[in-house]
Amino acid sequence: MRRSFEKVSSTVLRTFKSLLTADLLSSVSTFEDRMVRFFPNPYDDFKPGSSTVIDKDDITSQIHEHTNNISKRLHPSRKNVDGGLYVGITGVSYMFYYLSKNPLLSDNKAVYIQKSLEYLKPALESSAGDKTSFLLGDAGTYALATVLYKELGDEHSAEMLKIYKSLYSHYMNPKFLKCGGDEFFVGRAGYLAGILWMSRELKTAIFTNDELYKLCDMIVASGREYSTKHQSPCPLMYHYYNTEYLGAAHGVSFILQMLMSVPGYLRYNKSAAQDIKATAEYLASLQTEEGNWPCCMEEIGLTDHKLLHWCHGAAGTIYVMAKAYLIYKDQRFYDACVKSGEIVWRKGLLRKGPGICHGVGGNGYVFLLLHRLTGDEKYLHRAKMFADFMTTEEFIRDARLPDNPESLYEGSAGTVCFLADLLVPDKAEFPFQDVFSTYNF
């Protein structure tokens, strides 16, 4: 619904702009950018020779304040299960588990583990949605339960893993989902992300290579079929509810990243590897001069691409560009990442709130990724500035309240993960999207 409204609004705005003089058009664009989508960035950029100091006591205090508020406002009950990892209590459970793994927060590890379990239990007693949906439904709950119970030494871990693995056959159906069965939220790429995440956390393989490669082959075959049928300009293309998204939430960028991340797959299937690389190159070619990406294929050719989020735009597409650079060592992918960082620095202080899907926290993660990728302290400075901005009176007063203000992707639970990663920037990772892990076990 929200995306449909934005598309209609964008069409109306373009029509309105066509009737304006150049001066008025400039004024409208400035108003739309600065007053509607983002706050002007008030900070000086990093100065060479200076150093960035992360006040760990202050960050830890912010984390405690956020987690206390989350515990008061979003209770671990069945009525709050809907939305799974994305906006339900399973996402809060993930946040507490993530905090428990942070070495600088180890004094509270036992409390975080217990709170994670507390928020997970209602989700195991009541379905979050479709059983096969990783981010919105039950698949993500089973993945988190597998890892959390293993951490606790609880025998239920094996039971949860068995349930997760039992879903595999659904994804191997070529007609798995009519709405688009390959993307992150409800499709095969999400299931694959869960496999990779669990394998890393458990330090053991979840499926055999043969099983993993068959799942990847299915994703590639689906992308080829759709691309051929719709005469796409790249060898792999996908849709979600008949829209060919490019970004991380529902689009080709997340799907490509997962295919690149499966150990050995690019060597195993040379034909698929060729199509994956060619599609990544095509995606890189769509980056605008300013540094952003179109939300979807139908927006290619438009001059304005305003969605600068993890879900749609450079703040999410940067992850596949970084993964492609690490694999292929091609400068164009590295340059795409750096260019993404520049537009996020200029226009990334979003008015939509603190979340990681379409908020300041998610855009701040861009700089933590770039800090790991480049080793440049400039990006740590930028990440710190984005964290600082979320504590300003201007942001607290004027930012929009998310629909799900305590959730992992829309609200403060995701912000907590971002703040926790500021404490250990060399290990920072966006949830379920670690670019740097090789996943070899």
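Helices here are DSSP runs of at least four residues, numbered from the N terminus. In this predicted model, His-381 turns up in one of them, helix H18, which covers residues 377-389. With a relative accessible area of 12%, His-381 falls under the 20% cut-off and therefore counts as buried. Setting aside neighbours within four places in sequence, the residues in contact with His-381 are Asp-44, Asp-45, Phe-46, Thr-52 and Trp-345.

Two other helices are worth a look for their geometry and burial. Helix H10 runs over residues 188-202, and its 15 residues reach 21 Å from the first C-alpha to the last, close to the 21 Å expected at 1.5 Å a residue. Burial in H10 covers 15 of the 15 residues, so the helix is largely enclosed by the rest of the structure. Right after H10 comes Lys-203, with a positive phi near 55°.

Helix H6 (residues 109-125) has 17 residues, and its end C-alpha atoms sit 25 Å apart, which agrees with the 24 Å they should span at 1.5 Å a residue. The buried residues of H6 are Tyr-112, Ile-113, Lys-115, Ser-116, Leu-117, Tyr-119, Leu-120, Pro-122 and Ala-123. As a general point, an α-helix has 3.6 residues a turn, so residues three or four places apart point the same way. The partners that the buried residues of H6 pack against are helix H3 (56-73), helix H5 (89-100) and helix H7 (138-152).

On the annotation side, the unreviewed UniProt entry marks Cys-311, Cys-357 and His-358 as "binding site". These residues span 48 residues in sequence, yet no two of their C-alpha atoms are more than 6.5 Å apart, so they gather at one spot. Cys-311 sits in the loop between helix H14 (270-285) and helix H15 (314-328), and is buried at a relative accessible area of 7%. Not counting residues up to four places away in sequence, Cys-311 touches Gly-247, Ala-248, Ala-249 and both of the other annotated residues, Cys-357 and His-358. Cys-357 belongs to another loop, the one between helix H16 (331-347) and helix H17 (360-374), and is likewise buried, at 1% relative accessibility. On the same sequence criterion, Cys-357 touches Tyr-86, His-309, Trp-310, Cys-311 and Tyr-409.

Trp-310 and Tyr-409 come up again in the largest nonpolar core, which has 151 residues; together with Ile-63 and Phe-184, they have the most contacts inside it. Phe-184 touches, among others beyond four places in sequence, Ala-248, Ala-249, Trp-310 and Tyr-409. Its list of contacts also includes Ala-189, Gly-190 and Ala-193.

What about empty space inside the model? There are two cavities of 30 Å³ or more, and about 70 Å³ of space lies in the largest cavity. Among the residues lining the largest cavity are Tyr-319, Arg-372, Glu-429, Gln-433 and Phe-436. H17 gives the most to this lining, with four residues.

Finally, Gly-264 lies in the loop between helix H12 (252-261) and helix H13 (265-268). Gly-264 counts as buried, at 17% relative accessibility. Its C-alpha is 9.1 Å from that of Asn-440, although the two residues are 176 apart in sequence.

Methods: Residues numbered from 1 in each chain as written. Predicted model: local features only at pLDDT ≥ 70, side-chain atom pairs only at ≥ 80, totals over all residues. Heavy atoms only, no water. Helix = DSSP H or I, 4+ residues; strand = E, 2+ residues; numbered from the N terminus. Buried < 20%, exposed > 50% of the residue type's maximum accessible area, 1.4 Å probe, protein only. Contact = heavy atoms within 4.5 Å. Expected span 1.5 Å × (residues − 1). UniProt positions renumbered as here; feature names shortened; annotations may be inferred. Core = buried A, V, L, I, M, F, W, Y, C linked by side-chain atoms within 4.5 Å. 1 Å grid on protein atoms, 1.4 Å probe; cavity = no way out; pocket = protein on both sides within 12 Å on 5 of 7 lines; lining within 4 Å. Points joined across faces, edges and corners; volume = space filled by probe spheres on them.
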